Amino acid sequence: MRHVLSVLVENEPGVLSRVVGLFSGRGFNIETLNVAPTLEDGLSLMTITTSGEEQIIEQITKQLRKLVTVVKVVDLTHLQSVEREMVLIKVNAEDERRAEVLRIADIFRCKVVDVSGNDLTLEITGDQGKIRAIVSLLQRFGIKEFARTGTVAMRRSMQVD
Amino acid sequence: MERTGAQVLLECLLQEGVESIFGFPGGAVIDIYHHLPEYPALRHFLVRHEQGAIHAADGYARATGRVGVCLVTSGPGATNTVTGIATAYMDSIPVVIITGQVPTPLIGNDAFQEVDIVGISRPCVKHNYLVKDVKDLAWIIKQAFYLARTGRPGPVLVDLPKDVLQAKTVFEYPESISMRSYNPNLAPNRRQVRKVTELLRRSRRPLVYSGGGVISSDASEELTWLCQTLRIPVTSTLMGLGAFPGDDPLWLGMLGMHGTYAANMAVGHTDLLLAVGARFDDRVTGKISSFAPSAQVVHIDVDPTSIRKNVNVDVPIVADCRLALRGIREELEICPDLPDWSEAHQPWLEQVGEWQRDHPLRYTFSEEPIKPQFVVEKIYELTKGEAIITTEVGQNQMWAAQFSKFHRPRTFLTSGGLGTMGYGFPAAIGAQVAFPDKLVIDIAGDGSIQMNIQEMATAVSYNIPVKIVILNNGYLGMVRQWQELFYAKNYCATCMHLNPDFVKLAEAYGAAGFRVTKAADVERVLKEAFAVPGPAIVDVVVEPEENVYPMVPAGAALTDMLLV
């Protein structure tokens, strides 16, 4: 099962390789990884998506907590949370098909962030399902480049049963 | 007054109560060595190879419970410690490793003797640091020692660039430490403790399975009280030997691949397994699905990752072993209507006793060639468990664990998790430095001893009177045993065709050398060697193809043992 882990770490050299090394050294899997500084000085937040059976996920969270530079680990999977990912997609958009691409972009509330004679670059934000959906729709036009941030996620303030 | 980074480091070591440093100099750490004579309270032992330094620091730590310190230069000096760091990491031994590094402006340039030791050692240290500013040095050293000895202990490496060692600052040692990201939980959860006492009351076939955590948390007394009061038989891992008196009738010996018949059978039949400071290593459990099949499992460990890593646990207690065992004792003491433990466990103890009588550890005596087990028994007889025993790795290690008895913690030092050949001799040097008046004996094999034999020069030059007893069978015996049993006797690359003359080798270093070939001479020669004021090697020519039994083949259930 897929899990989203929110990992607060000390923002110091080597912290990323400690986390990544833990995953590779123990044979755990990283699907996506996002890391950036938080508003608090000296702390960064990593969002890691991984998958595995419960016992593996339990090991992953415990092993992460054991790292001296890791401050906090939250498994968002069983909490209500907001999950987003941003993707930049450069897609073929020759004159005759441009309108069609733009229509899809509009439906998915993408932003057009770059344009040329042959292609459009779209910015889209959403959860994994939405991103999978637009990718599958745009594939027939030909996706020339594709860059995604990996999941970022946050626990919802209200946890409703 | 301003001091250089090198002086700050040495001041910090003094503040931490360090007395002995095991090290080897080099370009990147000359500044530290330059100032070392200003600190006569810090005794430095010059080894002959950096692996010797890290193992000696490790042996010192295991024998004393204090943090061992190792000091080496950059590049090859640092990489030569890696095996020893991994050894300490696997066995949770508190060691601080100080490595030199090229000057910060050169880092990343492939400078002379540059290596990314922080990167290399990352998977096998509890934590490590690269110090980039001399102002950070004091608190980093303080944290390094704190991390090494608290929680689940382990090695911590501090990498010191040469320009940081030369830079000047005002020395101020921080008084306290607060780390938002590191707060090991030590006190047991009361509710969990109550669950354990409840299970203990109901159990008819309880078994204690203790490990190295009992030794590192100094919980030996608490463990002994619990087992003796409640009449619970005890087995332990290799790492746990010595935590429970080896001559107590409740003692079953070691469990696992080369555990005793009684210990492994007890695991197979217990209804309550109390795992204390042990981590269910594969050499202990055998086939995991058949391990303790009818037992409820209580697992006490200070490291949450140990729990449910390999086996499912009914009652986990994340806590310091000593505090947890004390908690159980306190809970029992306020518990009304406790059973009469002797009566409650009598049938079980009788059953266990029967297993002990039916299949004790045994071997067939022979006058010549000498049996290695006989030598270990003789060492025990002569030292009565008062010596500190270290081992190398392989058959020598297993025979030492089986045929010697250990009565006190920190008297058996061996590389359990990593299985590092070449560990025993330098570790013995470290232990002997800590306890100059004790008899320290390395039980070695002819293969392992050659992996760090160069430390004989260290032992002789500081007159560290370690005794090495080589069980010389001319083979890498444990591998040969596997080849015999599981690889059609294809003894590929396990015969030590050309061993040196160990007696002459000892003498060449300025140590004493002895050779024994007949069982009748073993006692006399051992006595003679133990009486030598300096280091000595006793080369005991033993049966070449003796095997270690019992043996649980890899992947088999613990109760499926090959017996003699």
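**Exercise 1. In this predicted model, find how strand 2 of chain B is joined to strand 3 of chain B, and place the pair in its sheet.**

*Solution.* Start with the pair itself: strand 2 (residues 20–23) and strand 3 of chain B run parallel and are joined by four bridges. For a landmark, look at B:Ile21, which stands opposite B:His44 in strand 3 of chain B.

Next, step back to the whole sheet. In chain B, six strands form an open sheet in the order 3-2-4-5-7-6, with parallel pairing. Strand 3 (43–46) and strand 6 (127–130) of chain B each have a single partner strand, so one side of each lacks a neighbour in the sheet. From one strand to the next, the twist averages 20 degrees.

**Exercise 2. Which strands of chain B does helix 3 touch, and which does helix 7 touch?**

*Solution.* Take helix 3 (residues 50–64) of chain B: this helix packs on the sheet against strand 2, strand 3, strand 4 (68–72) and strand 5 (95–101) of chain B. Its direction makes about 165 degrees with that of strand 4 of chain B.

Then turn to helix 7 (residues 137–149) of chain B, which touches strand 5, strand 6 and strand 7 (155–161) of chain B. Here the angle with the direction of strand 7 of chain B is about 160 degrees.

**Exercise 3. Describe the contact between chain A and chain B.**

*Solution.* First count: chain A gives 16 residues and chain B gives 13 residues. Now look for the main contributor on the side of chain A: helix 2 of chain A gives the most, with six residues. Finally, sort that side by class: three nonpolar, eight polar and five charged residues.

Technical notes
Residues are numbered from 1 along each chain as its sequence is written. Chains are lettered from A and ligands numbered from 1 in the order in which they are written. This is a predicted model: local features need pLDDT of at least 70, side-chain atom pairs count only at pLDDT 80 or more; totals for chains, interfaces and linings use all residues. Two residues are in contact if their C-beta atoms, placed from the backbone, lie within 7 Å. Helices (H or I, at least four residues) and strands (E, at least two) are DSSP runs, numbered from the N terminus. Ala, Val, Leu, Ile, Met, Phe, Trp, Tyr, Cys and Pro count as nonpolar, Asp, Glu, Lys and Arg as charged, and the others, Gly among them, as polar. Two strands pair if DSSP finds at least two bridges between them. Axes are lines fitted to C-alpha atoms, for helices over the stretch in contact, and angles run from 0 to 180 degrees between N-to-C directions.
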